[in-house]
Amino acid sequence: MSTKTGTQPSLLYPPYGSSIHRAPAQPLIRLPQNFSDFSAPVYGFRDVGGVDADLTRQRPGEPLGERIIVSGQVLDEDGRPVRNTLVEIWQANAAGRYAHVVDTHPAPLDPNFTGAGRTITDDEGRYQFVTIKPGAYPWRNHSNAWRPQHIHFSLFGTSFLSRLVTQMYFPGDPLFEFDPIFQSIRDARARERMIARFDLSLTQPEWALGYRFDIVLRGSHSTPFEERT
Amino acid sequence: MSAPVDEHIATSSQTVGPYFSFGLTTNAALGQLTPAGTPGERWRLIVRILDGQSAPVPDAMIELWHPDHAGRSLFGRLGTDTTGTCVFEIPPLVSSRESGDAAHLNLCLFMRGLLRHLYTRVYVPGDAAGADVAVHDAVLARVPENRRQTLMATPVPDSPGTWRFDVRLQGELETVFFDL
């Protein structure tokens with residue numbers, strides 16, 4: 001059995017209720033890599049700068065919550081840094097409320113927090129954000145359902161194949177065992193790899209705690225998704 | 001990371017969730033694949049997403065990738081509205097008889113309910129010649145014949161240059177998705 005087995009979620013996962021009517025039922029058609037080996041977009045919308053990577057400085061005042069630095073390295077499966085690639089994040093505020101019209105649950109909005117950021121990895125594939133730690137939030141998947149604290153990540157990598165949307169979690173969250181989205185990953189080590197690591201060397205005294213979250217993207221000669229589920 | 005040092009395994013995918021719009025789709029200009037100011041004709045592609053109950057999906061995100069001659073991708077990204085629809089502006093697509101490559105766009109689909117994104121293609125046969133080339137397209141050849149039409153955009157009557165493409169996530173006319 002490959003070490004990649006169970007590292008990617010199946011499409012249909014009934015404990016995650018929304019997947020029941022949205023997961024394709026027919027088998028996916030396998031395509032050889034040459035049909036998808038084209039490059040990720042490199043211009044236009046990638047212009048980032050200013051406070052794009054600092055979610056605590058985008059509004060007139062500072063948001064409430066624990067200020068954190070989230071940093072890591074983006075690598076491919078050959079262990080090479082993925083340079084100059086766009087990383088986008090979005091998240092709830094410290095109370096667990098999203099700045100989105102559809103989230104109306106009873107937790108306060110923070111007038112000083114939107115919760116979206118973007119940056120580009122450097123020559124070593126490294127990225128860094130400053131933000132506040134998001135709260136857990138309730139959802140209606142099942143009775144008394146709560147999502148663990150998480151930050152959403154979106155990355156391109158070098159090609160169509162390496163595209164990834166994932167979620168970063170925080171160590172010690174008591175909600176992991178109850179969360180079907182987290183549990184959709186069958187391999188225990190793969191689940192652990194979605195959890196950021198507290199890193200004292202990233203922490204800045206009297207200012208922010210630091211969490212490290214490294215990300216690995218699929219690259220060339222890549223095992224298809226279905227073989228990783 | 002807990003994996004052995006000599007093995008790097010791709011990070012697990014998780015759903016994009018219902019609240020991505022304020023993070024990923026605030027820029028309406030991403031609905032246009034061709035950079036503003038580029039001369040030439042434009043087509044419109046109306047993409048609609050329907051779930052297994054034939055209900056529109058109002059919280060999907062669609063990306064279109066279109067490699068140019070240099071292998072770099074033109075790119076578009078939009079979220080669907082309450083009717084499950086979004087409208088892209090695309091360059092006119094031309095099939096190539098020489099390469100046997102039928103005119104198409106690559107599509108990447110994200111939404112709440114999908115734990116990982118889906119890949120498909122939108123074939124936009126601009127003319128009879130295009131439909132002809134599709135017969136020899138190497139990707140379509142791998143699709144069961146009775147499912148190929150799920151990858152074909154259809155022209156909107158009386159609206160030249162406007163195309164419609166419905167994605168059906170489940171059911172009788174379920175769209176073909178690819179495993180890459």
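**Figure 1. Glu124(A) and Arg126(A) pair up in a salt bridge.** Welcome to this predicted model, which we tour through a handful of close-ups. In this view, the closest N and O atoms of Glu124(A) and Arg126(A) are 3.1 Å apart. Glu124(A) is partly exposed, with a relative accessible area of 45%. Its partner Arg126(A) is also partly exposed, at 35% relative accessibility.

**Figure 2. Asp76(A) and Arg80(A) form a salt bridge.** Look for the closest N and O atoms of this pair, which sit 3.3 Å apart. Asp76(A) counts as buried, at 11% relative accessibility, whereas Arg80(A) is partly exposed with a relative accessible area of 46%. Across all chains, the count of salt bridges comes to 20.

**Figure 3. A salt bridge links Arg163(A) to Glu63(B).** The closest N and O atoms here are 2.6 Å apart. This pair crosses between chains: Arg163(A) belongs to the loop between β8 (150–155) and β9 (164–169) of chain A, and Glu63(B) to strand β2 (residues 60–67) of chain B. Both Arg163(A) and Glu63(B) are buried. If you widen the view, salt bridges with shared partners tie Glu88(A), Arg118(A), Arg163(A), Glu63(B) and Arg77(B) into one network.

**Figure 4. Trp90(A), Trp65(B) and Phe178(B) touch the most other members of the largest nonpolar core.** This core has 49 residues. From chain A, β3 (86–91), β6 (137–139), β9 and α1 (180–183) each supply at least two of its residues, and from chain B so do α1 (21–24), β2, β5 (104–111) and β6 (118–123). Another core, of 33 residues, lies apart from it and includes Val57(B), Leu93(B), Ala103(B) and Leu109(B). As a general reminder, nonpolar side chains tend to be buried together in soluble globular proteins.

**Figure 5. Arg218(A) is buried yet has no salt bridge.** You will find this arginine in the segment after β12 (215–217) of chain A. The nearest side chain of opposite charge belongs to Glu77(A), 5.5 Å away; because a salt bridge requires the nitrogen and carboxyl oxygen to be within 4 Å, the Arg218(A)–Glu77(A) pair does not count as one. What does the side chain of Arg218(A) meet in a polar contact of 3.0 Å? The partner is the side chain of Ser222(A). In addition, a polar atom of the Arg218(A) side chain lies 3.4 Å from the backbone oxygen of Leu161(A). Beyond its neighbours within four places in sequence, Arg218(A) is in contact with several residues, among them Thr223(A), Phe225(A) and Arg228(A), as well as Ala10(B) and Leu180(B).

Terms used. Residues are numbered from 1 along each chain as its sequence is written. Chains are lettered from A and ligands numbered from 1 in the order in which they are written. This is a predicted model: local features need pLDDT of at least 70, side-chain atom pairs count only at pLDDT 80 or more; totals for chains, interfaces and linings use all residues. Side-chain values use heavy atoms; hydrogens and water are left out. Buried means under 20% relative accessible area, exposed over 50%, partly exposed in between (1.4 Å probe, protein chains only). Helices (H or I, at least four residues) and strands (E, at least two) are DSSP runs, numbered from the N terminus. A nonpolar core is a set of buried Ala, Val, Leu, Ile, Met, Phe, Trp, Tyr and Cys residues joined through side-chain atoms within 4.5 Å. Lys and Arg count as positive and Asp and Glu as negative; His and the chain ends are not counted. A polar contact is a pair of N or O atoms within 3.5 Å; within protein, one must be able to donate a hydrogen and the other to accept it, and residues adjacent in sequence count only if both atoms are side-chain atoms. Contact means heavy atoms within 4.5 Å.
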